[in-house]
Amino acid sequence: MKKQGAILSPTLIAIVGFLTVCPILMLALGSFSEGLGAFGTLTTAKYVSAYTDPEFAKIIINTVIFTLGSAFVATALALFLAYLNTRTNVPFKFLFQIISLVPMMVPHILFAVSWALLLNPTNGMLNIFLRQILGFDAISLNIYTLKGMILVEGLLDLPIAYLVIAPAMSSFDVSLEESSRVCGASNWRTLFRITLPVLRPAILAAATLVIVRSMASFAVPSVIGMPGRIYVLATHIYRVVATGYATDYGLAAAVGMSALVASITLIFVYRRLTKEGEKYVTVTSRGYRPSTIYLKGARYPLFGIVGILSFILIVLPVAVLFYTSLIPYSMAPSAKAFASMSWRHYLAVLNDPVSLLSLKNSLLLGVGGATLGMVLSFFVAYTIVKIRSKASGFLESLSFLSFSFPGIVVGIGFMWFFVQTPLYSTIWALLIGYIATYLPYGIRPLTSAFVQIHGNLEESSRVCGGGPLYTMRRIVLPLLVPGIVSGWILMATMFVRELSLSVVLSRPGTEVLAVQILRFAEDGLWGRLSALGILMIFISTTLVLTASLIGKRLTKI
C-alpha cells in the first residue's frame with residue numbers, strides 16, 4: 001500500500017494541481033498583463049481601469065443584492081420544507097425527495113428561459129393571459145428586474161440549501177423544545193428562542209453555500225439580467241470578454257480576481273461554520289428521541305404549498321419549453337394556439353448546422369468527458385480513502401478547490417494558458433476545463449463507496465494469492481459500481497448543460513448546447529431555443545436512464 005501511495009500520490013497531485021491551480025495562477029498572471037501572449041510586460045493598468053470604472057460600484061452593489069437575496073429566498077424556503085418534512089405529519093413526503101434532487105437535473109439556463117417566456121413584459125405568456133382574462137392592457141409583470149433574478153436564482157439554489165438544512169433538522173432532539181413549552185413558552189417563542197438558534201450553524205452554512213453558488217451563477221444573470229441591463233460580476237466579465245469590438249482579456253482577469261477572492265473567503269467561512277456545528281450537537285450517546293408534530297387542520301393547506309412549489313420547480317419549466325417549441329410565436333394557451341402547433345422549430349434546429357454541431361459536441365463531452373473524469377476520480381478517491389497520508393490529505397483539499405470557483409473565472413484562467421498551446425479553440429480545451437471544474441462531482445460518490453469497502457476483503461484476496469490488479473477487478477470494482485454510476489451520471493449531466501465556462505472557451509466549431517441556447521435567447525428565437533432545450537433534456541434523461549440500466553446489470557454480474 002505504501003509503495004502504491006509513493007507513486008500514485010505525487011502523480012495525482014501533479015495532475016489535479018494542474019487542473020485546479022493552473023487556471024488560477026494564469027488568471028493572476030493575466031490580470032497583470034497587457035494582453036493575450038504579452039506576459040513579458042507586467043502592469044497594474046488593468047486593475048486601475050477595472051476598479052476606477054464608475055459603473056463598477058453599481059455592478060458590485062447589484063452582485064451583493066443578488067447573492068444575498070437569492071440566499072435569503074433559498075434558505076427560507078429550504079428551512080420551511082425541511083421543517084415540514086422532518087418534524088411534521090404532512091402527507092406525501094416523497095415530494096420532498098423529488099424537490100431536493102430533480103431541479104438539480106434541469107439545466108439552469110432552461111429554467112431561467114422558461115421564466116423569461118412566462119413573464120416577459122411585452123409578450124410573456126402569463127402577461128398575455130392576464131390581459132386577455134382581465135382586459136387591462138396596463139398589466140405587465142416584468143421578470144427582467146433584480147427581484148426577478150433573485151426569485152429565479154433562489155428557486156434554483158433551493159435544493160442545495162435543503163440538502164444542508166434537512167439532515168441537521170432531522171437530528172434535532174425535540175426534548176429541548178418540549179422543555180421550553182413545559183416552562184410556558186409559546187410555539188413561536190420556542191421556534192425563535194430554541195429551534196432556530198440551535199440550527200444556526202446549518203442555516204448560516206446553507207446561506208453561505210448559496211451565496212457562493214449564486215455568485216458563480218451565469219445562466220440567470222445572462223438570460224434575465226442582461227436584457228434588463230442589470231449586470232453582476234459574472235455578466236460584466238462576459239460582457240468584457242464576449243462583446244464589443246476590442247476584447248480586453250486583461251481587464252476581465254482583473255475583475256475575475258475580485259470574484260475569486262470573494263468565493264475563497266466565503267468557502268473559508270462555510271468551513272468554519274460547518275466545524276462550529278459540533279458545538280450545537282443535540283444527539284448524543286445519552287439517547288435521542290425523534291417525535292412528530294401533528295398539523296391537524298393545517299396538514300393539507302401546507303401540503304398544497306409544497307405541491308405548488310413542486311409544480312413551479314419541476315413541471316412548469318419543462319411544460320413552458322415544450323409548449324413554446326410547438327407554437328409559431330409567443331401566445332397564451334388557447335384554441336388558436338393549439339390549432340397552430342407544429343414541429344417547425346424542431347425541423348429548423350435539426351437543419352441548422354451549428355445546432356447539430358453543438359448537439360454532437362455536447363454528447364461527446366458528456367459521454368467521453370464524464371468517462372475520463374471518472375477514471376481520474378477513481379484514482380483520486382482510492383488515494384484519499386485507502387492510502388491515508390499527508391500527501392493524500394493534501395490531494396483531497398486540492399481536488400475540492402475548484403468547486404468554489406466561478407466557472408467563468410476558471411474559464412478565463414484556462415484561456416490564458418491555452419492561448420500559448422495548440423489546445424486553444426479546440427474541443428480538448430473544453431474537456432480539460434469541464435473535468436477541472438466538476439471533478440468533485442465524481443470524487444464524492446466514489447469516496448463514499450470506497451469508505452464502505454472494508455480492507456479485510458482486499459487482504460483476504462491477497463492471502464488467497466490474488467494480485468493487486470486481480471483484487472481490484474474481482475473484489476473492489478464490482479462493489480464500487482453504484483458509486484461509479486452515480487458519479488458518471490452527475491458529471492455527464494453537468495457536462496451536457498455546462499454554460500459559464502463554455503461561453504469563454506467555446507469558439508466557432510466548438511459550440512455546445514448551452515452556448516447555442518444562449519445565442520438563440522440573445523437573438524429572440526424562443527421557438528428554436530425551446531426545441532433545442534427539449535432535445536437537451538431528452539439527451540440528459542437518456543444518459544441518466546442508460547447509465548442506471550448498465551449499473552443495475554453490472555451489479556448483478
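A residue counts as buried when its relative accessible area is under 20%, as exposed when that area is over 50%, and as partly exposed in between. With these words in hand, the predicted model can be explored from its interior outwards. E511 makes a good first example: its relative accessible area is 7%, so E511 is buried. This residue also has a partner, because the side chains of E511 and R519 meet in a salt bridge, with 3.5 Å from N to O. R519 itself has a relative accessibility of 33%, which means that it is partly exposed. This salt bridge therefore joins a buried residue, E511, to a partly exposed one, R519.

How many salt bridges does the structure hold? The count is 2. Besides the pair just described, the side chains of R239 and E55 meet, here at 3.2 Å from N to O. R239 belongs to helix α13, whereas E55 belongs to helix α4, which covers residues 54–87; the pair therefore ties together parts that lie 184 residues apart in sequence. As a general point, side chains of opposite charge can pair when their charged atoms come close. R239 is partly exposed, at 21% relative accessible area, and E55 is partly exposed too, at 34%.

Helix α13 (residues 233–242) deserves a further look, since H236 is found there as well. Is H236 buried or exposed? Its relative accessible area is 7%, so H236 is buried. Apart from neighbours within four places in sequence, H236 is in contact with F56, I59 and V255.

Attention now turns to the nonpolar interior. The largest nonpolar core has 173 residues, and those with the most contacts inside it are I109, I224, I408, I412, L499 and V503. Which helix gives the most to this core? It is helix α21, spanning residues 427–451, with 14 residues. One of the residues with the most contacts in the core, I412, shows how parts of the chain meet there. Leaving out neighbours within four places in sequence, I412 is in contact with L27, I237, V241, A252, A253 and V504.

L27, named among those contacts, is also one of the buried residues of helix α2. This helix covers residues 22–31, and 7 of its 10 residues are buried, so helix α2 is largely enclosed by the rest of the structure. The buried residues are C22, P23, I24, M26, L27, G30 and S31.

F111 offers another view of residues that meet across the sequence. It lies in helix α6, which runs over residues 108–119, and its relative accessibility of 2% means that F111 counts as buried. Which residues does F111 contact, once neighbours within four places in sequence are left aside? They are V152, L155, L156, I312, L313 and P317. For one of these, L313, the separation along the chain from F111 is 202 residues, while the C-alpha atoms of the two are separated by 8.4 Å.

The surface has nonpolar residues as well. A nonpolar surface patch of about 450 Å² is made by L126, F129, I133, L134 and L141. L141 sits in the loop between α7 (125–134) and α8 (146–170). With a relative accessible area of 40%, L141 is partly exposed.

Cysteines can be checked next. How many disulfides does the structure hold? The count is 0. Among the cysteines, C183 counts as exposed because its relative accessibility is 71%, and C464 also counts as exposed, at 70%.

Finally, two loop residues have backbone angles worth pointing out. R229 has a phi near 55°, a positive value in a residue other than glycine. This residue is found in the loop between α12 (219–225) and α13, and its relative accessible area of 67% makes R229 exposed. S425 likewise has a positive phi, of about 60°, although it is not a glycine. Its place is in the loop between α20 (407–418) and α21. S425 is partly exposed, with a relative accessible area of 32%.

Methods: Residues numbered from 1 in each chain as written. Predicted model: local features only at pLDDT ≥ 70, side-chain atom pairs only at ≥ 80, totals over all residues. Heavy atoms only, no water. Core = buried A, V, L, I, M, F, W, Y, C linked by side-chain atoms within 4.5 Å. Buried < 20%, exposed > 50% of the residue type's maximum accessible area, 1.4 Å probe, protein only. Helix = DSSP H or I, 4+ residues; strand = E, 2+ residues; numbered from the N terminus. Contact = heavy atoms within 4.5 Å. Patch = residues over 30% accessible without salt bridge, like charges linked within 9 Å, V, L, I, M, F, W, Y side chains within 5 Å. Areas by Shrake-Rupley, 256 points an atom, 1.4 Å probe, with all protein chains shown as cover. Salt bridge = Lys/Arg side-chain N within 4 Å of Asp/Glu carboxyl O. Disulfide = S-S within 2.5 Å.
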